[in-house]
Amino acid sequence: MAEIGDDVPLADRIRGKTVHQRGARESVESNSSTSSGSSEQDGEDGGTYMDNSPWVFMPEPLFIKIFLQLRARDVLNAGQCCKRWYKLSKDDYIWRKYFRQEFNVDPSIQLKRGAESWRAEYRRLTNNVPMVMTDVLTFHSHQVLHVSFSHNGKMFATCSKDGFVIVWNSAYPTTIRDSYDMRKLSWKYTQFSQFNQSDTLLLVSGVHFGSPHSTSGEIAVFTVQNGFKLKCRVTNRPYDIFGTWFSDQHLLSGDLSWLAHLVSSSILWLNKANQEVDSEHTPVRSQMYKFYNRNASSIRAIMVANCPWLSDEAEVKKEGEKEKGTSDAEQKSSDDEPGTSSGDRRAGNPLSHYQMSQDVDSDEEQDEGVDDGQDPRAAEDVPYQLLVGDQVDYASPIQYLQEFRQEYEESYYESSDDCLEDDEDDGDDEELSEGEDDLENMCPKYLIFSTGSKTYTPHQIGFKRITSVNFPRRIDPGPSLRERIALRDRQRELQNEEPPMEPNWANYEAVAGRFDKVDKLIDLHGHIIGMGLSPDHRYLYVNSRPWPKNCVIRNPLDPPAIAQEIDIHVIDLMTLKKVGKMLRAHKAYTPNTECFFIFLDVCDNYVASGAEDMHAYLWDRYYGVCLAKYQHADVVNSVAFNPRDNEMLVTTSDDYEIRIWRSLSKAKKLGIPIVNRASEFRKQKSNRPPPPPQQQHQHCMRSFV
């Protein structure tokens, strides 16, 4: 039957019948041949049995018990014998058992909301997970550090140590669309790229030539349509800030200035992508935030999340203050952290998240809004465990709090898509004109970044709420030259009379008024090496390498040793609380002084991440189980899903290769022979061994975090 054939790939659908199935079919044929007057009986039973056939009297529970002893493929084959067996082969009780057993799903996890059945979920994780390697791109001549997709899914960009940024057409077979050698601009290599929302511009971040310990970097913006042309260049220090799009025509960059020993300030600049102006008084950038850094730390890996629920929280908060009208209530509201106050939780979160916040907020948090991330419930439910025996080759599942699963399917009604327009990549699309301002009436946002306070390595996630931005339309020319000279002379006279007092930068309380305050800090107690947002910008996934338990940092320039395993933490941006974690998952081996970014990506159904063990890994977002690992010959630096096709995954590696993986159903549709497959994490399945490692390339200097 065609419907069954589409459920699960059956290589031996015709020739792989079991002895019992063959006997059943022969019994049915013999019974039907000896009696031609049983058509009415057949119509009632849904089969072709005679009244004296033993199959008629066999109860369905016994059939189900027999089917449970078979493999899923054999059950589908048995379902082709007759109508009754076909109906029994679709029983959801059977497929729930198969699903939980083969994919190692915890029995306490219920069927995902919105899913048709357990049988449909089994089919999805079998046929619709990227599993077949369909392309190997070898144009880069050095380590490939990053890959990113356009929002329309029609192209993706890669960055490499060879200094090139390449834009590819994502349709099969993959071809080069545009490329640019950034070494012409005195770049050492490219390390990060991102398309703007309308897919008309591409942000590329890289590292300048300089001394081995230089932190100088730069951001370049290219036009994607009507030619790959350089549009603007922006200084970026340190280079591992990467940079990000703030809106469709504005981007964020960073700058770092040292104030005293181990004390610095990080300045984030809002830049126009179009810097061709008619007047020198027209600004092209504006200072957005200035943060205080202690213990040689700095702001790194910035990103922006669109959070439409923040506007609802603000409105409800104002109404609540008017109704209460008491100073005690107002004082309590002002003391709470943004997004965690009573009114905020009720307004912005579903009920289950509100209850979760109440439970978590009962514990005392650290000063300055720091969350140490040690949830006692999570510590009991998700202990650190070493994999032994048969589990050595299995990546740990993501352990979610129950509230996450309850709200996973419902979170899309609050999606950031309300603030963004999915523009198609049409040739007649036009960019915003110079007079238009895409900062007006913008969606509330969170500025997200990694930073530190105990040591210079990033171990905290910082959040800054952004509700409005005032970009100046004209630069104040200031005093004339004569007035400036007179002011300078006056300042020199004052300095001679009384030398100015240098602020005590080491004392934050004394200089706090000069800096912007971070709204929330979550300490992950480990070296953060990657972050990724879910498509609806509701959840933040973070790669980190944990520190030893109860470690004490005495010297900020000597951070603790980090584990060789990478943990993934899940943070709900509506409550700014951790709702899940995956412990001891994939591997990394570099020490803390040479640790580099391992990028991860999140789509509607899956989470994927690179690793230093020459594999990329993929998990199901809801069930949290690891489904597959994708082999390379060296470190896998970055992964990316096609946002319009979750069945397509791109992985990049230090082996100079870009590999594209598609699902079994897509490979079959495209007529691609299923030869090179990823390794599956399934019981009753023989994992295909990875191909023999290719010639290892010599490791060169990496982009350190």
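# A tour from strand β1 to the turn at Gly 624

Start by selecting Met 133: its bridge partner in β30 is Trp 661. The model is predicted, so local features need pLDDT of at least 70 and side-chain atom pairs count only at pLDDT 80 or more, while totals for chains, interfaces and linings use all residues. Residues are numbered from 1 along each chain as its sequence is written, and side-chain values use heavy atoms, with hydrogens and water left out.

**The whole chain**

Show the protein chain as a cartoon. There are 17 helices and 31 strands in it. Helices (H or I, at least four residues) and strands (E, at least two) are DSSP runs, numbered from the N terminus. Of the 705 residues, 55% count as buried. Buried means under 20% relative accessible area, exposed means over 50%, and partly exposed lies in between (1.4 Å probe, protein chains only). Among contacts (heavy atoms within 4.5 Å) between residues at least 6 apart in sequence, 64% join residues at least 24 apart.

**Stop 1: the sheet that holds β1**

Select residues 132-137, which make up strand β1. Five of the six residues of β1 are buried, so the strand is mostly covered. Now add residues 658-662, strand β30, which pairs with β1 in the antiparallel sense over five bridges. Two strands count as a pair if DSSP finds at least two bridges between them. Besides the pair at the start of this tour, look at Val 136, whose bridge partner in β30 is Arg 659.

Which strands complete this sheet? The order is β1-β30-β29-β28, an open sheet of four strands with antiparallel pairing. At its edges are β1 and β28 (636-642), each of which pairs on one side only. Neighbouring strands here are turned by 20 degrees against each other on average, direction ignored.

**Stop 2: helices α4 and α7**

Select residues 60-68 for helix α4 and residues 92-102 for helix α7. Their axes are 10 Å apart, and the helices pack at an angle of about 20 degrees. Axes are lines fitted to C-alpha atoms, for helices over the stretch in contact, and angles run from 0 to 180 degrees between N-to-C directions. The two helices are therefore roughly parallel to each other. Angles under 35 degrees count as roughly parallel, over 145 as roughly antiparallel, 65 to 115 as roughly perpendicular and the rest as oblique.

The crossing of α4 and α7 is right-handed. A crossing is right-handed if the near helix is turned clockwise from the far one by less than a right angle, and left-handed if anticlockwise. Show side chains for Ile 64, Phe 67 and Leu 68 in α4, which meet Tyr 93, Ile 94, Lys 97 and Tyr 98 in α7. By class, this contact has six nonpolar, no polar and one charged residues. Ala, Val, Leu, Ile, Met, Phe, Trp, Tyr, Cys and Pro count as nonpolar, Asp, Glu, Lys and Arg as charged, and the others, Gly among them, as polar.

**Stop 3: helix α8**

Keep α7 and add residues 118-127, helix α8. The axes of α7 and α8 come within 8 Å and cross at roughly 35 degrees. The crossing of α7 and α8 is left-handed. On the α7 side, the residues that meet α8 include Trp 95, Tyr 98 and Phe 99; their counterparts in α8 include Trp 118, Tyr 122 and Leu 125. The contact has six nonpolar, no polar and six charged residues.

Is α8 largely enclosed or open? Nine of its 10 residues are buried, so α8 is largely enclosed by the rest of the structure. Ala 120 and Thr 126 are among the buried ones.

**Stop 4: Gly 452**

Select Gly 452, in the loop between β17 (445-451) and β18 (460-466). Gly 452 is buried, with a relative accessible area of 9%. Next, select Ser 297: the two residues are 155 apart in sequence, yet 5.3 Å apart in space, C-alpha to C-alpha. Leaving aside neighbours within four places in sequence, Gly 452 is in contact with Arg 294, Ser 297, Thr 457, His 459 and Gln 460.

**Stop 5: a sheet of five strands**

Finish with the open sheet β24-β25-β26-β27-β31, in that order, with antiparallel pairing. Its edge strands are β24 (600-602) and β31 (679-680). Select β27 (residues 626-631), which pairs with β31 over two bridges. All six residues of β27 are buried. Lys 629 has Ser 679 as its bridge partner in β31, and Lys 629 is also the bridge partner of Tyr 617. Strand β26 (residues 615-620) and β27 pair over five bridges. These two strands form a hairpin with five residues between them, and Gly 624 in the turn has a positive phi of about 75 degrees.
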